[in-house]
Amino acid sequence: MNPLFHSVRWRLQLWHALILMGVITALCMLAYRLAADERRERFDRELESFERSFMKSFWEMPFEGKKDDRPPSTREIRERMLNIGDASKLPLELRNLFDPDASDRTYLAYWDGAGQILFRSANAPECLKFPSQQPSDEARLRGEFREIIHGGPRGFRGIVGRSTAADRAALHRLGLQIAGSGALLWVLGLLGGWWLAGRAIQPIEAISQTASRIAGGKLSERIDIAGTDNELTRLSQVLNETFDRLAAGIERQREFTADASHELRTPLTVILSETSRGLKRERSAEEYREIVSNCSHAATRMRTLVESLLLLARQDGSPEIRREAVDLSSIAADSIRLLQPLADQNGICLKSNFQTARCHADPQALSIVAGNLISNAISHQPGGGEATVSVFSDDHQVILEVADLGPGISADHLPRLFDRFYRVDPARGPASGHSGLGLAIVRAIVENHHGTVEVASVPGEGATFRVTLPALGA
């Protein structure tokens with residue numbers, strides 16, 4: 001296919017040209033047909049008017065030898081027809097009948113019932129013959145002559161006709177004028193269509209150029225939709241929103257990569273520094289055990305961080321979740337039993353308030369959610385305290401709440417609390433065992449289960465995390 005027609009503008013122009021040509025051709029043919037019909041009807045009316053004028057003059061002429069008021073006999077009419085040769089007795093418009101050179105003028109001829117010629121105008125064509133068919137008072141086209149055959153009383157027949165050469169030439173000129181006007185209109189329509197097509201696809205060109213600049217790295221570029229309101233404007237709005245999400249996602253990815261690199265850099269630095277220290281000189285077995293222990297602790301930290309990153313990567317996008325009917329209270333109870341030693345170590349009293357709350361979900365993923373929230377409540381009360389885990393149902397929803405009596409969270413931190421690598425207390429870094437990914441993992445899992453996670457906190461009074469999921473059958 002010609003690359004020229006890959007262009008939307010050329011395709012629009014082609015369809016516009018074809019449709020416009022069809023419409024203009026139909027209109028030109030209609031105009032020509034109407035003009036031809038009007039000319040033919042006018043031609044026939046002129047022939048009939050000419051014959052009526054002739055017959056009127058014929059009957060107004062006195063009949064020689066006729067002394068009474070009775071109608072003229074057939075013999076008298078025949079004699080009048082045969083002896084009508086004096087053109088001076090007729091009006092001016094009828095005198096061309098006696099001029100042999102007036103071949104382009106209207107002619108007349110009359111026959112009696114026996115086919116004998118009674119009157120034949122001097123300008124009548126040589127091929128004119130007695131009409132053998134029954135007169136119908138309808139016009140006929142005989143070669144270049146248009147004629148009307150009339151029947152009269154006593155078997156008389158007459159023909160009035162005229163050459164159509166001049167009229168056909170005029171009609172031909174009219175056809176050329178109509179065709180020329182149509183062609184000119186088609187060209188003007190093409191120019192207008194090209195301009196309109198250009199205006200129509202101009203926003204598409206702007207969209208394409210903006211998308212190219214964004215693909216080239218200018219993520220702040222957006223499609224200008226000021227002063228427009230049409231389908232392409234709405235498309236531009238959707239694309240701008242898509243570009244916003246794309247830019248935000250890329251920015252989050254950059255931040256995530258930078259934060260992950262920062263988190264991994266610390267344990268790597270520990271491992272490198274410890275191995276370098278061990279290689280500088282001979283050391284005692286106790287010193288080597290200390291170096292290996294530090295390297296093991298750093299490697300464990302790296303493994304935990306990598307596992308968290310892999311879990312987040314699996315939850316991003318559209319993961320395939322293995323769903324089954326589970327009781328959220330049973331999952332929360334298992335998480336409490338698993339974390340009870342950590343709670344005892346930190347002097348935390350774990351309380352539970354469970355009701356049956358069944359939902360359709362991945363039990364392993366929900367175990368991670370419950371474990372992260374309970375572990376978070378324990379780790380934020382290092383001096384001992386209390387945490388309450390509640391599970392219940394409410395209006396086609398199942399709800400998991402984890403509340404602690406810790407120091408609480410300032411309102412400034414709440415909007416970013418579920419961001420990756422975000423920490424309320426910057427001092428609680430890798431050394432504390434917190435990667436800043438726990439709550440981000442919780443949000444990713446809950447959202448993939450079509451649920452929501454919220455936090456409410458008052459500084460000095462603790463914090464409450466609330467996970468809401470669709471109930472089984474909702």
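**View 1. Phe-130 and its ring partner, Trp-111.** Phe-130 is partly exposed here, at a relative accessible area of 29%, in what is a predicted model. Trp-111, on the other hand, is buried, with just 5% relative accessible area. The ring centres of Trp-111 and Phe-130 are 5.8 Å apart and the planes meet at 70 degrees, so this one counts as edge-to-face. The pair ties together distant parts of the chain, 19 residues apart: Trp-111 belongs to strand β1 (residues 107–111), and Phe-130 to the loop between β2 (117–120) and β3 (139–142).

**View 2. Other company for aromatic rings.** The structure has five aromatic pairs. Ring pairs also join Phe-54, Tyr-110 and Phe-119 into a cluster. Over at Phe-43, the ring has the charged end of Arg-162 sitting over it, 4.2 Å from the ring centre.

**View 3. The open sheet and the helix across it.** Five strands line up as β7-β9-β10-β12-β11, with mixed pairing. At the edges are β7 (348–354) and β11 (452–457), each with a partner on one side only. On average, neighbouring strands in this sheet are turned by 15 degrees against each other, ignoring direction. Inside the sheet, β10 (residues 397–404) and β12 (residues 463–470) run antiparallel and share seven bridges; Ile-399 faces Thr-468 in β12. Helix α7 (residues 363–379) lies across β7, β9 (385–393), β10 and β12, at about 20 degrees to β10.

**View 4. A stretch to take with a pinch of salt.** The chain's mean pLDDT is 80, with 81% of residues at 70 or more. Over residues 427–433, though, pLDDT stays under 50, and the model gives this stretch 11 contacts beyond four places in sequence. Predicted coordinates should not be read in detail where pLDDT is low.

Methods:
Residues numbered from 1 in each chain as written. Predicted model: local features only at pLDDT ≥ 70, side-chain atom pairs only at ≥ 80, totals over all residues. Heavy atoms only, no water. pLDDT = per-residue confidence, 0-100. Contact = heavy atoms within 4.5 Å. Pairing = 2+ DSSP bridges. Helix = DSSP H or I, 4+ residues; strand = E, 2+ residues; numbered from the N terminus. Axes fitted to C-alpha atoms, helices over the stretch in contact; angles between N-to-C directions. Phe/Tyr/Trp six-rings, centres within 6.5 Å; stacked < 30°, edge-to-face > 60°. Buried < 20%, exposed > 50% of the residue type's maximum accessible area, 1.4 Å probe, protein only. Lys NZ or Arg CZ within 6 Å of the ring centre and 35° of its normal.
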